[in-house]
Amino acid sequence: MSGRALRTVLPGLLLIAALALLAASLPAFGASRYAQTLVYYLAYDIVLGQSWNLMSGMTGYVSFAHGALAGLGAYATVIAMNAGWPVPAALAGGCLASVAGSFVVGASSLRLRGVAFTFATLFFQQLALLILRKLPLSGGPGGLALQDILPLALPQILMVALAALATAGVLILRRSRLGIRLLAIREDEDAAAALGIGVTRLKLGVFCASAAIAGAAGAAHGLFTASLYPDDVFSVDVSLTALAVPMIGGMATAGGPVAGAALLVGIGELLQIFAPSLHLVVIGALLLAVVLFMPRGLLPFLAAPLRRLSAAPQPAAERGTAP
Amino acid sequence: MMLRVETLEVRYGRAVAVAGASLAVPAGGWVALVGPNGAGKTSLLRAVMGLARHRGRIWFDGADIGALPAWERQRRGIGYVPEGRQLFAQMTVEENLRVGGHVCPPRDVAAGLARVYAMFPRLAERRGQTAGTLSGGEQQMLALGRALMPAPRLLLIDEISWGLMPILVARVFAHLAELHAAGLTILQAEQNTHEVLRHAGQAMVMAGGRIEIEGPAGEIARDRRVVETYVG
């Protein structure tokens with residue numbers, strides 16, 4: 001990343017850091033437990049969303065497995081903690097488990113183009129659920145509990161930090177050569193390959209990186225909930241959240257998943273009060289509306305008129321300086 | 001020799017696209033590759049670029065590059081303008097150029113953009129426009145500009161006059177002549193035989209996956225037999 005590119009992302013990075021510090025210091029300001037939990041879930045959705053955004057938003061390869069990848073991270077972390085591993089090692093183990101899972105799915109399906117990957121991720125999601133229901137190590141359908149009681153502040157601060165890091169990562173990626181390669185793959189994979197972009201290697205690498213983030217989200221969430229039930233952890237809901245957050249907010253942007261997560265968490269809270277059973281219906285309708293009326297997502301949709309305003313005088317100025 | 005290809009063979013399943021072609025392109029040369037559709041011109045270029053599985057050997061600047069991946073060949077100085085342009089229609093002009101410079105360090109990307117915009121002021125005016133909204137001639141300029149981003153020393157060009165009206169064909173060739181005069185080596189597959197033979201130094205007539213005739217472009221252009229038999 002050159003100095004100039006760094007300067008263009010610097011305001012964004014500072015904003016992310018400021019928001020993260022604010023969110024992490026909520027308890028110090030005496031915020032209610034409810035507000036803290038809300039912020040936690042906002043951060044959790046942001047991490048899941050950015051993780052999906054990194055793979056599917058950037059390359060166009062839609063994944064339905066990000067919930068399962070996060071679930072693997074959660075299980076591996078709690079199992080490692082119960083085996084006496086220190087927290088950092090357990091978290092790293094959780095990330096690694098997700099990366100390993102993603103490698104298996106990706107290596108077998110990312111050589112192919114189009115929907116093969118999507119089907120492989122759906123299959124993986126179901127397979128992970130079946131295996132963890134049967135596996136003695138994971139406690140089976142009865143679930144698995146974290147033996148140590150950790151202070152709740154630990155996963156809370158961890159999740160906020162992850163959200164900040166993931167968002168900063170996508171912001172920088174968008175400006176980098178790697179980012180432009182990924183967008184080229186999304187646009188036209190054959191043309192990207194014709195320009196010497198190693199598409200298969202790149203897709204697999206990004207999927208593994210994306211899985212590491214999902215795994216970290218799952219690991220932190222495992223510490224937060226402290227008990228894991230396979231049918232919850234590997235429910236398709238988590239995968240759908242990971243997908244809905246960037247799709248609603250704006251794919252392949254750093255801010256999109258933040259806006260999407262805020263909207264989803266906000267709507268979720270309102271629905272808890274007014275119509276708890278309609279949650280999924282409303283999310284589905286929202287997704288449909290976004291896909292129909294603002295296919296690039298909320299943030300790009302709102303930003304487009306602004307960009308037109310600021311871009312309009314530019315060509316005239318350029319023409320004026322041309323010889 | 002900047003590029004040397006020996007007994008190159010490209011197969012797609014059982015179909016043989018290139019059947020043992022050998023050729024050499026000297027530094028600073030402009031070599032035309034002409035011949036009918038299906039002669040194997042595109043496959044030959046794709047093999048040199050590292051985009052088609054091939055047998056035989058390929059040297060660039062004296063180094064055997066036959067086993068290198070496409071991006072590494074690009075990094076070493078081979079550029080490619082693919083047939084049908086293959087632009088990223090939904091991406092802006094500038095993003096397309098940035099994809100072209102994906103093998104360059106960031107400083108060279110900025111230099112590449114400045115160079116391409118200086119050569120094609122039209123692209124500079126439209127840098128924020130999506131590539132799909134450009135006219136045919138502008139799209140071809142963008143495809144050429146994108147290939148020039150990493151400042152290649154050898155440019156492989158496939159059917160650059162495809163879909164262009166004659167006046168634009170002349171303009172594209174004028175750009176190529178300018179680049180060639182500045183030291184760029186060119187290997188160009190082209191259906192517009194008349195135009196390419198007017199500009200190139202050497203020419204090769206390809207048919208059935210083989211290079212059947214080669215010689216100075218001027219002589220091949222005058223050889224009625226060649227034109228009638230292989231080019232039509």
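This is a short tour of the interface between two chains, followed by one residue inside chain A. The model is predicted.

**Stop 1: the interface**

Show chain A and chain B together. Select the residues of each that touch the other chain. You should have 21 residues of chain A in contact with 25 residues of chain B. Together, the two chains bury about 1,900 Å². Carbon and sulfur atoms account for 61% of that area.

**Stop 2: polar links**

Now look for polar links across the interface. How many residue pairs are in polar contact there? The rule finds seven between chain A and chain B, with both residues at pLDDT 80 or more. Do not hunt for salt bridges between chain A and chain B: the count is zero.

**Stop 3: the chain A side**

Select residues 177-187 of chain A, which form helix 7. Add residues 189-194, helix 8. Each of these helices supplies at least two residues to the side of chain A that touches chain B. Which helix gives the most? Helix 7 of chain A does, with six residues.

Color this side of chain A by residue class. It has 10 nonpolar, two polar and nine charged residues.

**Stop 4: Ser102(A)**

Leave the interface view and select helix 4 of chain A, residues 87-109. Ser102(A) lies in this helix. Is Ser102(A) buried or exposed? Its relative accessibility is 0%, so Ser102(A) counts as buried; the cut-off is under 20%.

Finally, show what surrounds Ser102(A). Leaving out residues up to four places away in sequence, Ser102(A) touches Leu69(A), Ala107(A), Phe207(A), Cys208(A) and Ala211(A).

How values were computed:
Residues are numbered from 1 along each chain as its sequence is written. Chains are lettered from A and ligands numbered from 1 in the order in which they are written. This is a predicted model: local features need pLDDT of at least 70, side-chain atom pairs count only at pLDDT 80 or more; totals for chains, interfaces and linings use all residues. Side-chain values use heavy atoms; hydrogens and water are left out. Contact means heavy atoms within 4.5 Å. Buried area is the accessible area (1.4 Å probe) that two parts lose on being put together, summed over both. A salt bridge is a side-chain nitrogen of Lys or Arg within 4 Å of a carboxyl oxygen of Asp or Glu. A polar contact is a pair of N or O atoms within 3.5 Å; within protein, one must be able to donate a hydrogen and the other to accept it, and residues adjacent in sequence count only if both atoms are side-chain atoms. Helices (H or I, at least four residues) and strands (E, at least two) are DSSP runs, numbered from the N terminus. Ala, Val, Leu, Ile, Met, Phe, Trp, Tyr, Cys and Pro count as nonpolar, Asp, Glu, Lys and Arg as charged, and the others, Gly among them, as polar. Buried means under 20% relative accessible area, exposed over 50%, partly exposed in between (1.4 Å probe, protein chains only).
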